[in-house]
Amino acid sequence: CQLGYYQTAVNQCTACHSTCSTCSGPNEQQCKSCSDSTYYLHTNDTSDVDGTCLAPHSTTGNCQYTYYVDGQQLCHKCGIDCNTCSDEQDNSCLTCITDYVRMEEDPLDSSSSSYQKHTCLSQCPTGFFEQNS
């Protein structure tokens, strides 16, 4: 099929959603690439290449909140409780979702702690305090 179309199970070429350049089906959540080169493809996770094409976010300049951009203009879901992040790992949070705090330091005794630097938590663990910026 030509660009902007996908092949159905009965070998017919059917149009992709208008935001998709290539796709696996007719819905806007089935884009494999975006028709507008300034848009970002938002995927559900790093293994799922189907996603939704969205305009650059007005604040981040690329992906919507809770997503990060890779080198191919694909937006992947951040780790749990991250509002913005640098990759999909839970310890790559740049900012946290509302009412969560970000660990700025690794615990002194990391062998006995389940907390890591740059993770988001619902409250500070014992021995740590919230620092307002």
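**Entry 1: His 17**

I looked up the exposure of His 17 in this predicted model. His 17 has a relative accessibility of 24% and so counts as partly exposed, since that class lies between 20% and 50%. I placed His 17 in the loop between β2 (13-15) and β3.

I then searched for its partners. The side chain of His 17 makes a polar contact with the side chain of Thr 19, at 3.0 Å. Beyond four places in sequence, I found His 17 in contact with Pro 26, Asn 27 and Glu 28. For Glu 28 I also noted the separation from His 17: 11 residues in sequence, and 5.3 Å from C-alpha to C-alpha.

**Entry 2: the nonpolar cores**

I asked which residues make up the largest nonpolar core. I recorded 9 residues: Tyr 6, Cys 16, Cys 20, Cys 23, Cys 31, Cys 34, Leu 41, Cys 53 and Leu 74. Two elements, β3 (20-23) and β4 (31-34), each give two or more residues to this core. I also noted a second, separate core of 7 residues, among them Tyr 68, Cys 78, Cys 93 and Cys 120.

From the largest core I took Cys 23 for a contact list. With neighbours up to four places away left aside, Cys 23 is in contact with Tyr 6, Cys 16, Gln 30, Cys 31 and Lys 32. Of these partners, Tyr 6, Cys 16 and Cys 31 also appear in the membership of the largest core.

**Entry 3: Thr 43**

I located Thr 43 in strand β5, which covers residues 40-43. Is Thr 43 buried or exposed? Its relative accessible area is 1%, and Thr 43 is therefore buried, the limit being under 20%. I checked its side chain for polar partners and found a polar contact with the side chain of His 76, at 3.0 Å.

**Entry 4: Thr 66**

His 76 led me to Thr 66, since His 76 is listed among the residues that Thr 66 touches. The others in that list are Lys 77, Cys 78, Cys 82 and Asn 83, with residues up to four places away not counted. Cys 78 I had already recorded in the second core.

I placed Thr 66 in the loop between β6 (51-54) and β7 (67-69). Thr 66 has a relative accessible area of 19%; because buried means under 20%, I entered Thr 66 as buried. Last, I noted the separation of Thr 66 and Glu 88, which are 22 residues apart in sequence and 9.8 Å apart in space, C-alpha to C-alpha.

Key
Residues numbered from 1 in each chain as written. Predicted model: local features only at pLDDT ≥ 70, side-chain atom pairs only at ≥ 80, totals over all residues. Heavy atoms only, no water. Helix = DSSP H or I, 4+ residues; strand = E, 2+ residues; numbered from the N terminus. Buried < 20%, exposed > 50% of the residue type's maximum accessible area, 1.4 Å probe, protein only. Contact = heavy atoms within 4.5 Å. Core = buried A, V, L, I, M, F, W, Y, C linked by side-chain atoms within 4.5 Å. Polar contact = N/O pair within 3.5 Å; in protein donor to acceptor, adjacent residues only side chain to side chain.
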